[in-house]
There are 2 protein chains.
Amino acid sequence: MRRLYGPRHHTRNRGSFGTRYRCRVEHQIPTATVARLSRYLTSLEVTTTSSVSSDELAAKAGGNGAQVRKDLSFLGTTGTRGVGYETAALRNEIRRALGLEAVRPVVIIGAGHLGSALAGYPGFARRGFRICGLFDQAHDRVGTTVAGVRVSDIDQLTDAIPDPATAIGVIAVPAEAAQAVADLLIGAGFRSILNFAPALLTVPPSVEVRQVDLASELHILSHHLARRSG
Amino acid sequence: MRRLYGPRHHTRNRGSFGTRYRCRVEHQIPTATVARLSRYLTSLEVTTTSSVSSDELAAKAGGNGAQVRKDLSFLGTTGTRGVGYETAALRNEIRRALGLEAVRPVVIIGAGHLGSALAGYPGFARRGFRICGLFDQAHDRVGTTVAGVRVSDIDQLTDAIPDPATAIGVIAVPAEAAQAVADLLIGAGFRSILNFAPALLTVPPSVEVRQVDLASELHILSHHLARRSG
DNA sequence: TAATGTGAAAGGCTTCACAGCC
DNA sequence: GGCTGTGAAGCCTTTCACATTA
């Protein structure tokens, strides 16, 4: 069985024509941990004390102390027993783990209600991202300015982004158009997509998609309401 | 060890001053399954064939056939071996499980960019919800109309919603104001909250909160980008 | 003393594999 | 022959408990 927790340098078996060799994987961080690191970072951004304990961080960001410690153990940082973690150092470690050493460019496709709201969302800039493009198909939207960002024609996508392989593409168009936009992004060299359309995207394995479905969140809450009152 | 999958009527042990009794829990659906049921429903809404197989549904909504079958087994529906599931019946079963037999009311607090976008999002109405209130603190927003919904003063929250215990409250205000809005909702009788502010809410156990953090999704994508190129 | 770091145990979810049924 | 229903196995995640260390 594969070890998942424990030593920080994990190993993983790979089959290869019957033989097996072991390949060293550094800092293979579990996906559940990555999601929490994001919350820890958001907390640490407004922490003023010079150090925090795992219990303090858990109280601010959610979870419990043991989980915080296990999560942080993947970073290679080491806290100080009896004291806690040095705030500034931990902040930097998490930023590094999340690939935020430099500001990461984001483009938004779709300048409708949602796309416009995202373009103007102050939380993105505050947390390591820069909206460096807002694109739309509709000619009457092209040329207007939304939340300080100029709306460009979707055909200019390729020209506007110097290195799409390090950027994130956000899909904020109706479900019917989502796959076409995904294909466009992938064709332009994007490898990370955040999809707000309630549609399953088909993409090659080299491309990562995350799906945010607002109605789905309401469905889940609705289910629990029904369970309790029934 | 507790049985989780298998027979549809689960039992659960409850400690009670040393004695243990077994209490029948019908249709205790795992949270991961509930999230997928939402996607299945979205697919089924646009399915035209009179029946679907688990593999077909998996292809449309994501996942694999075995998972679809296991998920649907919690509903108590039974498909037809050799054929599949009857589309209309399945759709109704899932709606029932998600508490969508009647249209579920939703109120949005915060009529800024995000709140306005949500109020105008056609996906909500299409998938079983009605936006029946949009509230804001700012007096210059009150009285205006956003996406066909009138913005009301937040003080009128209690009057506007007949039965808050069956409704869902959506928080779309800045992080600093989120806890105050949550307290307001809970005081008014809400028991389900969808929170878009990147802030940890403290609520009594009777209230369920779901958190959608847009920047967090970008963090996760950013992490994977960094892992691959580094 | 007060906290971290981490094996081990427990819990929950997904996948497998196949019996059962239409 | 095709597809469902479901134990069992395996994997991933969380929690526990405690040795360890500043």
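**Exercise 1. Find how much area chain A and chain B bury between them, and which three residues of chain A supply the most.**

*Solution.* Begin with the total: chain A and chain B bury about 5600 Å² between them. Next, look at the atoms involved: 64% of this area lies on carbon and sulfur atoms. Now turn to single residues. A:Leu218, A:His219 and A:Leu225 supply 13% of the area that chain A buries against chain B, more than any other three residues. Keep in mind as you work that this is a predicted model.

**Exercise 2. Count the contacts across the interface, then name the element of chain A that gives the largest share of its side.**

*Solution.* Step one is the residue count: 63 residues of chain A touch 63 residues of chain B. Step two is the polar part, where 24 residue pairs are in polar contact between the chains, both residues having pLDDT 80 or more. Step three is the charged part: the rule finds 4 salt bridges across the interface. One of them can be looked up by name. A:Arg210 and B:Glu217 form a salt bridge, and their closest N and O atoms are 2.5 Å apart. Last comes the element: helix H9 (residues 214-229) of chain A brings 15 residues, the largest share of the side of chain A that touches chain B.

**Exercise 3. Work out how chain A and chain B are related.**

*Solution.* Try to lay one chain on the other. A rotation of 180 degrees, with 0.0 Å of shift along its axis, superposes chain A on chain B with an RMSD of 0.0 Å. The two copies are therefore related as by a two-fold rotation axis. To find this axis in the structure, go to A:Ala117: in chain A its C-alpha is the nearest to the axis, at 3.3 Å. Finally, compare the contact residues: 100% of those in chain A recur in chain B, so the same surface serves both copies.

**Exercise 4. Trace the sheet of chain A and find the helices that lie across it.**

*Solution.* First write down the strand order. The sheet of chain A is open and has 7 strands, in the order S7-S8-S6-S5-S9-S10-S11, with mixed pairing. Its edge strands are S7 (145-146) and S11 (208-211), each of which pairs on one side only. Now zoom in on one pair: strand S10 (residues 192-195) and S11 of chain A run parallel and share 4 bridges. Here A:Asn195 stands opposite A:Gln211.

Then add the helices. Helix H8 (residues 175-188) of chain A lies across S5, S9 and S10 of chain A, at about 165 degrees to S9(A). The partner chain takes part too: helix H9 (residues 214-229) of chain B lies across S5, S6, S9, S10 and S11 of chain A, at about 165 degrees to S10(A).

**Exercise 5. Describe how strand S5 and strand S6 of chain B are joined.**

*Solution.* Start from the whole sheet: chain B has an open sheet of 7 strands in the order S7-S8-S6-S5-S9-S10-S11. Strand S5 (residues 104-109) and strand S6 (residues 129-136) of chain B run parallel and are joined by 5 bridges. For a landmark, find B:Arg104, which stands opposite B:Phe129 in S6(B).

How values were computed:
Residues numbered from 1 in each chain as written. Chains lettered and ligands numbered in written order. Predicted model: local features only at pLDDT ≥ 70, side-chain atom pairs only at ≥ 80, totals over all residues. Heavy atoms only, no water. Pairing = 2+ DSSP bridges. Helix = DSSP H or I, 4+ residues; strand = E, 2+ residues; numbered from the N terminus. Contact = heavy atoms within 4.5 Å. Axes fitted to C-alpha atoms, helices over the stretch in contact; angles between N-to-C directions. Least-squares fit on C-alpha atoms with pLDDT ≥ 70 in both. Buried area = accessible area lost by both parts, 1.4 Å probe. Salt bridge = Lys/Arg side-chain N within 4 Å of Asp/Glu carboxyl O. Polar contact = N/O pair within 3.5 Å; in protein donor to acceptor, adjacent residues only side chain to side chain.
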